[in-house]
Amino acid sequence: MRKLWIFLLISVMILLTVSSLATYKIAFIPKLVGIPYFNAMEAGGKRAAKDLGVEFIYTGPTTDSVAKQIEIIDNLITKGVDAIAVAPNDPAAITPIMKKAKGKGILTMTSDTDGAQNVREVFVNQARPRDIGYAVMDVVAELMDYKGKFAIVSGGPTAWNLNTWIMYLQQRLAEYPDIELVTIRYAGEDVQKAVDVGLSVIQAFPDIKVIVGMNSTSAPGVAEAVELAGKVGQIWATGITVPSMMKEHMKKGSVKKFVLWDPENLGYLTVWAAKYLLDGNEFPANKPIDVPGISTKPIYYPGTKELVLGPPLVFTPENIDKYNF
Amino acid sequence: MGLKRVIKSRELTVSLVMIGLVIFFSLSSKRFFTANNIRNILLQVSSIGVASIGMTMIIITGGIDVSAGSILGIVAVVLGKAAVGGFPAWLAIILGILVGLALGSVNASFVALLGIPPIIVTLGMMSLLRSLTYTFLGGRWIASLPESIRWMGLGKILNIPIPIWLTIILIAYFSYFMKYKSLGRYVYAVGNNIEATRIAGVNTKRVLFFVYALAGLLYGVAGAIVVGRTGIVQTNTGNNFELQVIAATVLGGTSILGGKGTVFGSLLGSLLIALLSNGLILLNVPALTEGLIIGILILGSVAIDVIKNRGEE
């Protein structure tokens with residue numbers, strides 16, 4: 001009887017060791033937990049982990065804290081994981097900790113936002129900034145029938161990704177000779193501030209035809225401002241945000257189209273890419289890659305070591321009900 | 001109030017700066033001094049103005065409350081969840097405001113009954129309540145709120161929006177309260193010399209408790225306004241709100257050392273900040289200069305105040 005127990009115990013231990021060796025532990029650290037966008041990425045990561053038979057760890061700070069994020073990465077290194085993917089709050093500040101992770105043989109990646117460019121193995125990019133800027137500008141142009149004025153309300157004035165999108169948006173704007181950008185304002189990550197700034201912008205430039213909210217809080221904020229100012233039908237609100245924030249505004253008629261990518265698919269791709277590299281593969285360069293489980297065909301650019309999910313998605317009243325984030 | 005005191009008051013300094021700005025903006029943009037725009041500015045002020053009543057009283061007692069934004073966040077969550085969960089709008093709003101009162105009373109208990117320094121109590125509450133917001137929301141924002149719950153933000157009486165009514169009524173009442181009610185006078189007394197006030201027979205613990213609990217209630221009202229205006233409850237609703245309220249209060253002449261200040265001054269302070277951010281957009285001044293100008297204004301007006309009152313006390 002005692003021998004049997006020992007035998008069982010040993011076999012369980014062996015089984016546990018083998019199984020823990022066999023499944024990769026892939027961690028994703030978002031900028032902050034608790035916002036719909038990263039929840040959607042988490043859901044995608046979980047789905048990929050189930051499909052691919054890996055363990056997915058999702059953990060991050062509750063505010064967009066740089067120090068907390070670094071601390072969490074440090075803990076993951078101690079805990080021992082196979083891959084760390086991070087959406088850095090500060091692209092430069094995470095370099096040392098990513099170096100440390102790499103030194104321990106951990107696969108280091110960035111996802112959603114790039115950082116530590118000379119350390120990380122790959123950046124899983126939702127869409128190239130150029131594609132996003134261009135897509136928003138094209139939506140703006142369409143909404144105003146290629147003629148008229150528009151304004152932008154962005155998030156934080158130092159947000160690198162938002163500024164890059166605005167830069168490309170302006171590059172594309174040069175191709176529309178009859179469209180004029182009248183002002184760029186900032187409202188942080190605060191819906192009420194975006195409403196107030198939106199109202200002031202509409203007051204200052206009553207002849208604009210489109211108002212753009214560049215981040216997840218500004219877009220619904222400017223839509224609310226259009227409704228409050230009684231300008232539904234005269235001014236379209238659009239921008240970059242999650243569909244759940246815009247559904248009501250589409251019903252009320254202040255929003256017709258807006259832009260985002262699919263963060264669920266981005267989370268999926270992040271875990272898929274980690275597993276793919278951990279298995280010892282290399283991405284085929286510059287051509288669409290078949291990733292079962294997502295709706296786009298990503299492309300890998302070896303020059304910048306970027307794996308790009310695909311072109312951004314334009315949400316319309318026709319497709320919005322398909323998305324639940 | 002004697003003429004000399006009026007001239008020396010911060011309210012006058014801030015009012016003069018405001019009048020100067022209004023004249024300047026009106027001359028620079030014909031779209032500034034319009035009914036629409038004045039409504040926009042007052043709406044922008046409303047939530048900060050209401051919350052600043054409580055903050056002013058707290059700062060007058062020599063305290064501070066950095067948990068205001070986090071309390072507002074919890075109130076927003078309770079309100080949003082209750083509304084989505086099928087509660088009638090009036091009940092959800094009352095529930096939210098009561099939660100504000102309850103959380104204010106927690107602050108009050110620690111500060112007044114246990115005598116823990118307010119900055120420590122409210123710092124603790126700030127991060128504790130923010131974490132609870134994340135937990136309650138489970139990361140999901142509430143976006144599709146029923147229209148009825150938004151009455152506190154969108155409703156109108158006599159074509160004037162509810163948030164503006166609330167601001168005017170509450171500021172007017174508490175200006176009167178602080179000047180003529182004995183409890184109001186005790187708030188100043190506690191700020192000036194808590195020991196002497198206690199020896200004079202005033203229950204100073206009761207005064208302190210009242211101030212923090214009332215502030216919680218007013219953050220609750222502010223929370224109902226914010227949810228009403230935006231129609232969205234985010235995990236970071238109210239983030240940094242306390243800083244805006246403290247800035248308005250200090251700009252409006254409340255001494256951070258306690259004993260001095262008025263709720264009307266705080267309203268002027270928040271008006272000044274809103275006026276500036278609105279006017280700079282109308283003039284299309286580059287956005288990045290806004291923070292710079294507001295910073296200079298706060299430092300400048302406090303400095304003028306100090307210079308004017310030099311040698312008085």
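Two residues are taken to be in contact if their C-beta atoms, placed from the backbone, lie within 7 Å. On that basis, 28 residues of chain B touch 29 residues of chain A. This is a predicted model, in which local features need pLDDT of at least 70 and side-chain atom pairs count only at pLDDT 80 or more, while totals for chains, interfaces and linings use all residues. Residues are numbered from 1 along each chain as its sequence is written, with chains lettered from A and ligands numbered from 1 in the order in which they are written.

On the chain B side of the interface, α3 (35-60), α6 (118-137), α11 (204-230) and α13 (263-282) each put in at least two residues; helices (H or I, at least four residues) and strands (E, at least two) are DSSP runs, numbered from the N terminus. Sorted by class, that side of chain B has ten nonpolar, 14 polar and four charged residues. Here Ala, Val, Leu, Ile, Met, Phe, Trp, Tyr, Cys and Pro count as nonpolar, Asp, Glu, Lys and Arg as charged, and the others, Gly among them, as polar.

Turning to chain A, there is an open sheet of four strands, ordered β7-β6-β8-β9 and paired in parallel; two strands pair if DSSP finds at least two bridges between them. β7 (179-186) and β9 (236-239) of chain A sit at the edges with a single partner strand each, so one side of each has no neighbour in the sheet. Direction ignored, neighbouring strands are turned by 25 degrees against each other on average.

Strand β6 (residues 148-154) of chain A is joined to β8 (residues 208-213) of chain A by five bridges, and to β7(A) by seven. I152(A) has V212(A) as its bridge partner in β8(A) and stands opposite I184(A) in β7(A). Five of the seven residues of β6(A) are buried, meaning that 20 or more other C-beta atoms lie within 10 Å of a residue's own. Helix α7 (residues 191-204) of chain A lies across β6, β7 and β8 of chain A, running at about 155 degrees to β6(A).

Then there is a helix pair in chain A: the axes of α5 (residues 129-143) and α6 (residues 160-173) come within 7 Å and cross at roughly 55 degrees. Axes are lines fitted to C-alpha atoms, for helices over the stretch in contact, and angles run from 0 to 180 degrees between N-to-C directions. Residues of α5(A) including I132(A), V136(A) and M137(A) meet a set in α6(A) that includes W165(A), Y168(A) and L169(A). By class, this contact has eleven nonpolar, four polar and two charged residues.

Terms used:
Buried ≥ 20, exposed ≤ 12 C-beta atoms within 10 Å, placed from the backbone.
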